[in-house]
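Biologist: Hi, I'm new to this one. Can you put it up on screen and walk me through it?

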Amino acid sequence: MAKIAFWALVLLFLVNLYVGLFQGWGANLYVSMVFHFLGGFFVAMLIASYYSSEFAKLPQSLRFFAVVAFTIAIGVFWEMLEYLGSQYLTEPIYARFQYHVYFMGDLSDTVQDLLMDALGAIALSLTL
């Protein structure tokens, strides 16, 4: 299951890169919601499968909380990377390639992204 989750995340990242940067759909609310939900789902799948032997020792409620909490932590880290990308990469990319890139939106976009990450993790965690 870890390999499926890993390759699904790689595919999701590449598709997100294509539709976000090259097709200009990155600012589309529904596209962002779908990608963050799926990202949360597959990150949770990767965490649950990677730590399956340790999680097997935990009660169901604690396992659920751990998977969701780890996924949200990774989502926060991702949002920080988006912030750093918008601060330090937007202008150099435009200067070099004459191409405007979009890394992140405003605070409500960030909160919504984290919510969708969490909902994806919850959806996966309900199957554990």
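Biologist: Let me start with a single residue: is Thr71 buried or exposed?

Modeller: Thr71 is buried, with a relative accessible area of 2%. Keep in mind that this is a predicted model.

Biologist: Which helix is Thr71 found in?

Modeller: Thr71 is part of helix α4, which runs over residues 60-88.

Biologist: And what does Thr71 touch, not counting residues up to four places away in sequence?

Modeller: Thr71 touches Gly40, Val43, Ala44, Ile47, Asp117 and Ala121.

Biologist: OK, stepping back. How many helices and strands are there in the protein chain?

Modeller: The count is six helices and zero strands. Along the sequence that reads α-α-α-α-α-α.

Biologist: What box do the C-alpha atoms fill?

Modeller: Along the principal axes, the box is roughly 55 × 30 × 25 Å.

Biologist: How much of the chain is buried?

Modeller: Of its 128 residues, 32% count as buried. The chain exposes about 8,300 Å², and carbon and sulfur atoms supply 74% of that.

Biologist: What about contacts between residues at least 6 apart in sequence: what percentage join residues at least 24 apart?

Modeller: That comes to 69% of those contacts.

Biologist: Switching to pockets. How much space lies in the largest pocket?

Modeller: The largest pocket holds about 900 Å³. It is lined by 30 residues, and the closest to its centre are Phe13, Asn16, His36, Trp78 and Glu82.

Biologist: Which helices each supply at least two residues of that lining?

Modeller: Those are α1, α2, α4 and α6. The largest share, eight residues, comes from α1.

Biologist: Since α1 came up, why does Gly20 count as buried?

Modeller: Gly20 counts as buried because its relative accessible area is 16%, and the cut-off for buried is under 20%. Gly20 lies in helix α1, residues 2-22.

Biologist: How far apart are Gly20 and Ala66 in space?

Modeller: They are 31 Å apart, C-alpha to C-alpha, with their positions 46 residues apart in sequence.

Biologist: Now Ser49. Where is the place of Ser49, and is Ser49 buried or exposed?

Modeller: Ser49 sits in helix α2, residues 29-50. Ser49 is buried too, because its relative accessible area is 15% and the cut-off is under 20%.

Biologist: Leaving aside neighbours within four places in sequence, what is Ser49 in contact with?

Modeller: Ser49 is in contact with Met1 and Ala2. Also, the C-alpha atoms of Ser49 and Ala5 are separated by 8.7 Å, though the two are 44 residues apart along the chain.

Biologist: What about α5: how many of its eight residues are buried?

Modeller: The count is zero, so helix α5, residues 90-97, is hardly covered. After α5 comes Gln98, which has a positive phi, near 55°.

Biologist: Last topic, charges. How far apart are the mean positions of the positive and negative charges?

Modeller: The mean positions are 20 Å apart, for 4 positive and 8 negative charges in the protein chain.

Conventions
Residues numbered from 1 in each chain as written. Predicted model: local features only at pLDDT ≥ 70, side-chain atom pairs only at ≥ 80, totals over all residues. Heavy atoms only, no water. Helix = DSSP H or I, 4+ residues; strand = E, 2+ residues; numbered from the N terminus. Buried < 20%, exposed > 50% of the residue type's maximum accessible area, 1.4 Å probe, protein only. Contact = heavy atoms within 4.5 Å. Areas by Shrake-Rupley, 256 points an atom, 1.4 Å probe, with all protein chains shown as cover. Lys, Arg positive; Asp, Glu negative; His and termini not counted. Charge placed at Lys NZ, Arg CZ, Asp CG, Glu CD. 1 Å grid on protein atoms, 1.4 Å probe; cavity = no way out; pocket = protein on both sides within 12 Å on 5 of 7 lines; lining within 4 Å. Points joined across faces, edges and corners; volume = space filled by probe spheres on them.
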